[in-house]
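Hello,

Here is the structure I promised to pass on to you. Have a look at it first, and then read my notes on what turned up below.

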Amino acid sequence: MGADHTRSAPPTPPGVRRILVVTVVPLFLATLVAAIVLWPRDAPRPEAADDTPRYHGTVTRVVSEPCPPNPVVPEGTPTAADGPCGTVSVRVQTGPDAGQEVQTPIPAGPGAPRVEVDDDIILVSLIDPEDPSVSAYNIAEHQRGKPLVWLAVLFAAAIVAFGRLRGLAALGGLAASFAILLTFVLPGISAGQPPLAVAIVGASLIMFVVLYLTHGVSAQTSVAVLGTLASLVLTGLLGLAATGATHLTGFGSEDATTLSMFRADVDLHGLLLAGIIIGSLGVLDDVTVTQAAAVNELRHANPNLSRRELYRSATRVGRAHIASVVNTIVLAYAGASLPLLLLLTADSRALGQILTSEFLTTEIVRSVVATLGLIAAVPLTTALAAVVTTAGRGGDAGVPGGASTPVIPRPATDRAEALRALSTPPTRNTPPATPSGWPDPDRSTDTTW
């Protein structure tokens with residue numbers, strides 16, 4: 001999350017540090033108190049179900065054969081029996097038949113796994129309801145544990161190799177984010193707590209832990225924290241107004257409808273707002289950290305910049321960042337909903353009806369609200385960073401009581417002399433050669449006027 005900005009900033013004046021501590025610490029304590037109040041103490045547990053036994057196995061042989069005709073279906077009608085047909089030999093690795101080789105039919109139908117020799121697969125044991133003593137194996141899916149472990153190892157190794165200690169801290173922040181989501185946000189919403197409140201508190205906890213763990217405890221990080229928190233609250237309010245104005249119910253997807261069957265007490269409208277908050281957090285902290293770092297780098301590069309000049313320069317950086325992030329947000333939401341968007345292209349309704357449907361309106365509201373929150377984060381964080389960076393250092397000549405750093409004027413150059421220098425071709429002075437015959441490697445490469 002966020003960019004890596006490792007340049008050590010000048011020490012923050014004690015007065016500014018005290019103001020940041022007095023501002024950030026109460027907000028963190030308020031977040032902890034809200035988390036304790038909203039903590040799920042009686043979250044519903046999933047009902048125990050009779051799971052079908054699942055065993056691991058390895059494919060040793062695949063034999064394909066023509067599918068037998070189905071006398072019930074007229075000839076020429078496409079059916080699931082069109083294939084593939086045949087048998088698969090599997091060596092069972094776990095379960096009562098471990099070490100034995102069993103025969104299973106080739107998986108067929110929509111979404112069925114395509115198996116080959118040496119594939120590691122998962123078998124399910126199906127029992128005949130009429131005769132419980134008779135059972136048969138079927139292939140359910142591939143084993144995905146090992147590939148996922150290798151991907152996780154590659155992911156962690158790449159982050160640590162590139163980011164070193166900062167990358168290790170980022171992995172710790174990622175683990176903390178998942179811990180907060182799995183122990184607070186999801187159980188809290190399942191327990192019937194207000195989803196919007198749970199999402200804001202959970203996102204604030206993630207923000208405090210991740211930003212300070214990844215970027216260190218500093219004034220620059222505190223500025224990013226305050227900018228992110230303000231933008232999160234603003235995003236939540238904008239989402240509340242937008243979903244109310246468009247009369248969204250939260251039933252815009254099949255997943256939400258299915259959830260309402262299992263958890264009738266979950267507020268789907270609030271769940272929609274919670275999704276907007278959580279989805280915006282990852283991009284918000286990237287923007288706020290970048291803006292705080294941009295102000296710090298500009299101040300470091302030119303200490304003579306005033307507070308207003310710092311704000312304007314860093315805002316230009318933020319505009320370029322937002323221009324690319326807007327496209328990222330829209331494409332991220334579109335990619336997550338690509339199957340349903342493709343299904344809408346086959347809809348025979350008018351375009352206006354499709355755009356104003358519950359599902360598509362939900363995606364539009366998500367994108368617009370998240371983008372507005374990001375746009376607001378740039379001026380908020382940049383202004384705060386400019387104030388903190390220049391406070392106590394005479395960063396603005398217009399600030400009463402602040403002694404601005406004297407600006408050294410550029411020496412005036414006679415116009416005739418400048419024109420004469422521009423029209424005269426530069427002379428090439430060959431430097432004396434070193435004893436080895438090569439020019440001195442320490443010589444200046446600047447052209448002499």
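Let me start with Val388, which lies in helix 10; helices (H or I, at least four residues) and strands (E, at least two) are DSSP runs, numbered from the N terminus. Before going further, please note that this is a predicted model, where local features need pLDDT of at least 70 and side-chain atom pairs count only at pLDDT 80 or more, while totals for chains, interfaces and linings use all residues. Residues are numbered from 1 along each chain as its sequence is written, and side-chain values use heavy atoms, with hydrogens and water left out.

Back to Val388: this residue is buried, with a relative accessible area of 10%. Here buried means under 20% relative accessible area, exposed over 50%, and partly exposed in between (1.4 Å probe, protein chains only). Leaving aside its neighbours within four places in sequence, Val388 is in contact with Val16, Leu20, Ala219 and Val223, where contact means heavy atoms within 4.5 Å. The C-alpha atoms of Val388 and Thr12 are separated by 8.2 Å, although these two residues are 376 apart along the chain.

Now for the overall picture. The protein has 11 helices and five strands. Of its 449 residues, 33% are buried. Among the contacts with a separation of 6 or more, 69% are between residues 24 or more positions apart.

Two further buried residues are worth a look. Thr228 lies in helix 4 (residues 219-245) and has a relative accessible area of 0%, so it counts as buried. Leaving aside neighbours within four places in sequence, its contacts are Met207, Leu211, Leu281, Leu284, Asp285 and Thr288. Ile206 lies in helix 3 (residues 195-215) and is buried at 5% relative accessibility. With the neighbours within four places in sequence again left aside, Ile206 is in contact with Ser177, Ile180, Leu181, Leu211 and Leu281. The C-alpha atoms of Ile206 and Ile180 are separated by 6.9 Å, with their positions 26 residues apart along the chain.

On to the strands. Which strands pair with strand 4 (residues 120-127)? Strand 1 (residues 54-65) does so in the antiparallel sense, over five bridges, and strand 5 (residues 135-142) is joined to strand 4 by seven bridges, also running antiparallel. Two strands pair if DSSP finds at least two bridges between them. Ile122 of strand 4 is a handy place to see both sides: His56 stands opposite Ile122, and in strand 5 the bridge partner of Ile122 is Glu141.

How many disulfides does a search of the whole structure find? There is one, taking a disulfide as a pair of cysteine sulfur atoms within 2.5 Å. It joins Cys67 to Cys85, with an S to S distance of 1.9 Å. The link of Cys67 and Cys85 is right-handed, with 105 degrees about the S-S bond. The pair links distant parts of the chain, 18 residues apart: Cys67 is in the loop between strand 1 and strand 2 (85-92), and Cys85 is in strand 2. Cys67 is partly exposed, with a relative accessible area of 24%.

Then there is the largest pocket, with a volume of about 750 Å³. The search used a 1 Å grid over the protein atoms alone: a pocket is an open set of points where a 1.4 Å probe fits, with protein on both sides within 12 Å along at least five of seven lines, and lining residues have an atom within 4 Å of a point. Grid points are joined across faces, edges and corners, and a volume is the space filled by probe spheres set on the points. The largest pocket is lined by 28 residues, and Ser253, Leu271, Leu272, Gly275 and Arg366 lie nearest its centre. Two or more lining residues come from each of helix 2 (145-190), helix 5 (254-262), helix 6 (268-301), helix 7 (307-336) and helix 10 (358-390). Helix 6 gives the largest share, six residues. The lining divides into 17 nonpolar, seven polar and four charged residues (Ala, Val, Leu, Ile, Met, Phe, Trp, Tyr, Cys and Pro count as nonpolar, Asp, Glu, Lys and Arg as charged, and the others, Gly among them, as polar).

Lastly, some backbone angles to check. Arg164, found in helix 2, has a positive phi near 55 degrees without being a glycine, and is exposed at a relative accessible area of 66%. His247, in the loop between helix 4 and helix 5, also has a positive phi, of about 55 degrees, and is exposed, with a relative accessible area of 64%.

Happy browsing, and best wishes!
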